[in-house]
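Welcome, and thanks for taking a look. Please open the model and follow along through a few selected spots.

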Amino acid sequence: MTTALGADFAPRTGGSRQLAGTGTLFRLALRRDRVMTPVWILIVSGMVLAMPGSLESAYPTAAERADAMASMNSNSSMRAMYGPVFDDSLGALSAWRIGVYAGVLAAVMSLVIVIRHTREEEETGRQEMLSASMVGRRAPLTAALLAAFTADAAAGVLITAGLAGRGATGAFALGLGVAGTGMLFATLAAIAAQLTESARLAKGLTAAVLGAAYVLRAAGDAGTAGGTSQAFSSGGGSSALTWLSPLGWQENLRAYAGERWWIVTLVGAALVAQGVGAYTLAGRRDVGMSFLPTRPGPAHGGLATAGGLAWRLQRGSVCGWLAGFLVAGLVFGGMADGAADIVGDSENTREIFERMGGRSGLTDAFLATVVGMFGMIAALYVTTSVLRLHGEETSQRAEPVLAGAVGRLRWAAGHLVIAFGGALPLMLVAGLGMALGHGGDTGPILGACLAQLPAVWVLGGLAVFLVGAYPKAAAASWAVVGTCLAIGWLGPALDLPQAAMDLSPFGHLPKLPGADATLPPFVVLTLIAAALVGAGLAGLRRRDVIT
């Protein structure tokens, strides 16, 4: 019997048979991501488009922009964080201030989309059912890449259109750089999806490469000899480490500062190479299989309890997060001593840093800003770990566990202890790294890091509530965390009203170290987190298990 779906999946011959059904799967991916993807696109493009106005208020004259450029380029800490400034125009300063971070967010968006429609589909068993019909072997991968490329292109188009008034050529270069970075990590995620047996590990591998790319770029820019405005604007300045990072490629495209269009061919060559690799691997394995299969666990011992099972499933992720927080803490701690040189004589820039870190000394303000950043990233870890509960349900691995003597609350508690308890060592490790890198008193920095935990737990509690009470809306946890990241990241620079800053739980915490701390905000946020967790567990206990 021929149906509309069957007509779309009609058999083909030759190479086209490998792509049969791509159009339908692409439309399905767009439909499934009809909320998530537009939110990502607006966040990526919106943070770029908001930056010129913010910088114009901070540096209203050409002389102030030239002084800022000289100050930024001569400060290795600032070069490590944002890269060098290649020109003193508002467009070039905007590309310097936000370009790399927009590329990072585009990369995260791309890896989430690609793995969601490839490895996650195989993990849940849906891909096997689709493959039983007339779907080509490489159609799912092609549809996933098309969905990611469409999102990246949309962000690039919005950036180009929004900044065209400040120079169409520079706007196109910046939009192209952000979109190209996202596409590079989309194809990298496609490779990771072929290599690994779980979506969680595929995301972890791709994110690890993204983190390494940022560290390489930061190390290369910080260690560049001759860090002066003349050196960078004359065409030099980038080290070999910077060129090893795709984020360094985006930086060296030099939007609004004498664009280097030949870098586009470098990005294109990398896209082709990674795409060919992903398609080759996809054609050489069976659905559900991988080239790096998961090793079997021990025959006895650790898996005897719900907590032991949760630790077995999440221990690799926890160790990876710990290592990343330690390295990042050491790097940012080492930057703190140069914080006073970052702003030079610009009072407006000083005010921005103080809004981000509190009304205290500039070094303390810088440390408080970094501590807040670690807190928001820790919220990503907690949300990821909590959503593992939802993943266990949708992949039908929870049902056999709950069919035995394990109750729902015991099963959930095993994962929640890893999620909420894991945030504590993460913040401790980050604080220890910062203290070692900065060389200052360890106590205030560790205390500032631990002070972020109530806000982290609130966002984790929201994820528990959605998983337990409204499992179909569990993915909305990412939108909430992303919104809080955007508020914390862009709010101080845009001088958002306090009412907008208070939408994030982090907006209610004192800016430590340096500010005065009172007990009520910590108590209230902890109680809110506990209430959300309790409501989520109550919902999980009442509803049916997803099958």
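## A partly exposed leucine

L176 has a relative accessibility of 31%, so it counts as partly exposed, since that class runs between 20% and 50%. Please keep in mind that this is a predicted model. L176 sits in helix α10, which spans residues 168-195.

On the surface, L176 joins F172, W261 and V264 in a nonpolar patch. Together these residues offer about 320 Å² of accessible area.

## A buried glutamate

Let us move on to E121, a residue of helix α7 (residues 119-124). Is E121 buried or exposed? Its relative accessible area is 7%, so E121 is buried, the cut-off being under 20%.

Which side chain does the side chain of E121 meet in a polar contact? The partner is R32, at 2.9 Å. R32 also appears among the residues in contact with E121 once neighbours within four places in sequence are set aside, together with R116, R126 and Q127.

## A buried alanine

Our last stop is A92, which belongs to helix α6 (residues 90-116). With a relative accessible area of 4%, A92 falls under the 20% cut-off and is therefore buried.

What does A92 touch, not counting residues up to four places away in sequence? The answer is D87, A255 and Y256. It is also worth finding A171 in your viewer: A92 and A171 are 79 residues apart in sequence, while their C-alpha atoms are 9.8 Å apart in space.

Note on methods
Residues are numbered from 1 along each chain as its sequence is written. This is a predicted model: local features need pLDDT of at least 70, side-chain atom pairs count only at pLDDT 80 or more; totals for chains, interfaces and linings use all residues. Side-chain values use heavy atoms; hydrogens and water are left out. Helices (H or I, at least four residues) and strands (E, at least two) are DSSP runs, numbered from the N terminus. Buried means under 20% relative accessible area, exposed over 50%, partly exposed in between (1.4 Å probe, protein chains only). A polar contact is a pair of N or O atoms within 3.5 Å; within protein, one must be able to donate a hydrogen and the other to accept it, and residues adjacent in sequence count only if both atoms are side-chain atoms. Contact means heavy atoms within 4.5 Å. Patches are made of residues with over 30% relative accessible area and no salt bridge: like charges are joined within 9 Å, nonpolar side chains (Val, Leu, Ile, Met, Phe, Trp, Tyr) within 5 Å. Accessible areas come from the Shrake-Rupley method with a 1.4 Å probe; for residues, only the protein chains shown count as cover. A salt bridge is a side-chain nitrogen of Lys or Arg within 4 Å of a carboxyl oxygen of Asp or Glu.
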